[in-house]
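Hello,

Here is the structure I promised to pass on to you. Please have a look at it first, and then read on for my notes on what turned up.

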Amino acid sequence: MNYAKYKVEPEKPFQGKYPEWPLMDRISNMWSVRILFGIGYLLFYIFFATHWWMFLLLPIHFFMGPIHGAIVNWCGHKYGYSNYDNHDHSKNSLPLDFLLMGELFQNNHHKSPNSVNFAKKWFEFDPTYPIVLVLNKLRVIRLRREP
């Protein structure tokens, strides 16, 4: 929360060169917005769930973001291998990475945080990278070249 509320400055390598959307940050940090998303998930289940037991999946949807973040930060710094010595214990957790769409290439990400493709070795595959390329070709997003 100290970073989110700008009480603490991030380390030098993590400053700048990324887009900032203060209005979007403020909106996404509002409790009313979080509650509205929860209501949206609930309404989706009310309209589309075909059996009562499907409502048991709601907590998974409610906590998917925090659980995903915990998995990435725990596994990405505890299990796996390192391509680079980043002095931060980050690891690439290849066997689990396909489940998290390339997010567990933490060691590669820490070496090149602005890279679009987190896969660096021949046997690594970042499943998000082809999606980003397609979105770029369709002009939904615009990739920029880093020097």
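Let me begin with Leu 94, which sits in helix α4. Please keep in mind that this is a predicted model. With a relative accessible area of 27%, Leu 94 counts as partly exposed, because that value lies between the 20% limit for buried residues and the 50% limit for exposed ones. Beyond its neighbours within four places in sequence, Leu 94 is in contact with Tyr 81, Phe 105, Phe 123 and Glu 124. Phe 125 is 31 residues away from Leu 94 along the chain, yet their C-alpha atoms are separated by 8.8 Å.

A word of caution goes with that helix. Helix α4 (residues 94–97) has the lowest confidence in the chain, at a mean of 74, while α6 has the highest, at 94. Where pLDDT is low, the predicted coordinates should not be read in detail. As for the whole chain, the average pLDDT is 86, and 95% of the residues score at least 70.

Now the overall picture. The chain has 6 helices and 0 strands, so read along the sequence the pattern is α-α-α-α-α-α. The C-alpha trace spans about 50 × 35 × 35 Å along its principal axes. Of the 147 residues in the chain, 17% are buried. The exposed area comes to about 11,800 Å², and carbon and sulfur atoms supply 67% of it. Among contacts with a separation of 6 or more, 33% are between residues 24 or more positions apart.

Which residues make the nonpolar surface patch of about 1,200 Å²? They are Trp 31, Ile 35, Leu 36, Ile 39, Leu 42, Leu 43, Phe 44, Ile 46, Phe 47, Phe 48 and Phe 55. Two of these patch members deserve a closer look. Trp 31 is in helix α2 and is exposed, with a relative accessible area of 61%. Leu 42 also has its place in helix α2 (residues 31–48), but Leu 42 is partly exposed, at 35%. The C-alpha atoms of Trp 31 and Phe 98 are separated by 32 Å, with their positions 67 residues apart along the chain.

Next, the loop between α5 and α6, where you will find Asp 126. How far from Asp 126 is the nearest side chain of opposite charge? That side chain belongs to Lys 120 and is 8.0 Å away; Asp 126 is buried yet has no salt bridge. The 4 Å cut-off for a salt bridge explains why the Lys 120 side chain, at 8.0 Å, does not make one with Asp 126. Leaving out neighbours within four places in sequence, Asp 126 is in contact with Met 101, Gly 102, Phe 105, Val 116, Asn 117, Phe 118 and Ala 119.

Val 116, one of those contacts of Asp 126, is found in the loop between α5 (106–111) and α6 (128–137). Is Val 116 buried or partly exposed? Val 116 is partly exposed, with a relative accessible area of 34%. Outside the four places on either side in sequence, Val 116 is in contact with Asp 126, Tyr 129, Val 132 and Leu 143. In the case of Leu 143, the C-alpha atoms are separated by 8.4 Å, and the two residues are 27 apart along the chain.

The loop between α3 and α4 holds Tyr 84, which is partly exposed at a relative accessible area of 28%. Not counting residues up to four places away in sequence, Tyr 84 touches Asn 107, Asn 108, Lys 111 and Lys 120. Tyr 84 and Lys 111 are 27 residues apart in sequence and 6.9 Å apart in space, C-alpha to C-alpha.

Finally, two backbone details that you may like to check. His 89, in the loop between α3 (58–78) and α4, has a phi near 65 degrees, a positive value in a residue other than glycine. Its side of the story on exposure is simple: His 89 is exposed, at 64%. Arg 139, in the segment after α6, likewise has a positive phi near 65 degrees without being a glycine. Arg 139 is exposed, with a relative accessible area of 75%.

Happy browsing, and best wishes!

Terms used:
Residues numbered from 1 in each chain as written. Predicted model: local features only at pLDDT ≥ 70, side-chain atom pairs only at ≥ 80, totals over all residues. Heavy atoms only, no water. Helix = DSSP H or I, 4+ residues; strand = E, 2+ residues; numbered from the N terminus. Buried < 20%, exposed > 50% of the residue type's maximum accessible area, 1.4 Å probe, protein only. Contact = heavy atoms within 4.5 Å. Patch = residues over 30% accessible without salt bridge, like charges linked within 9 Å, V, L, I, M, F, W, Y side chains within 5 Å. Areas by Shrake-Rupley, 256 points an atom, 1.4 Å probe, with all protein chains shown as cover. pLDDT = per-residue confidence, 0-100. Lys, Arg positive; Asp, Glu negative; His and termini not counted.
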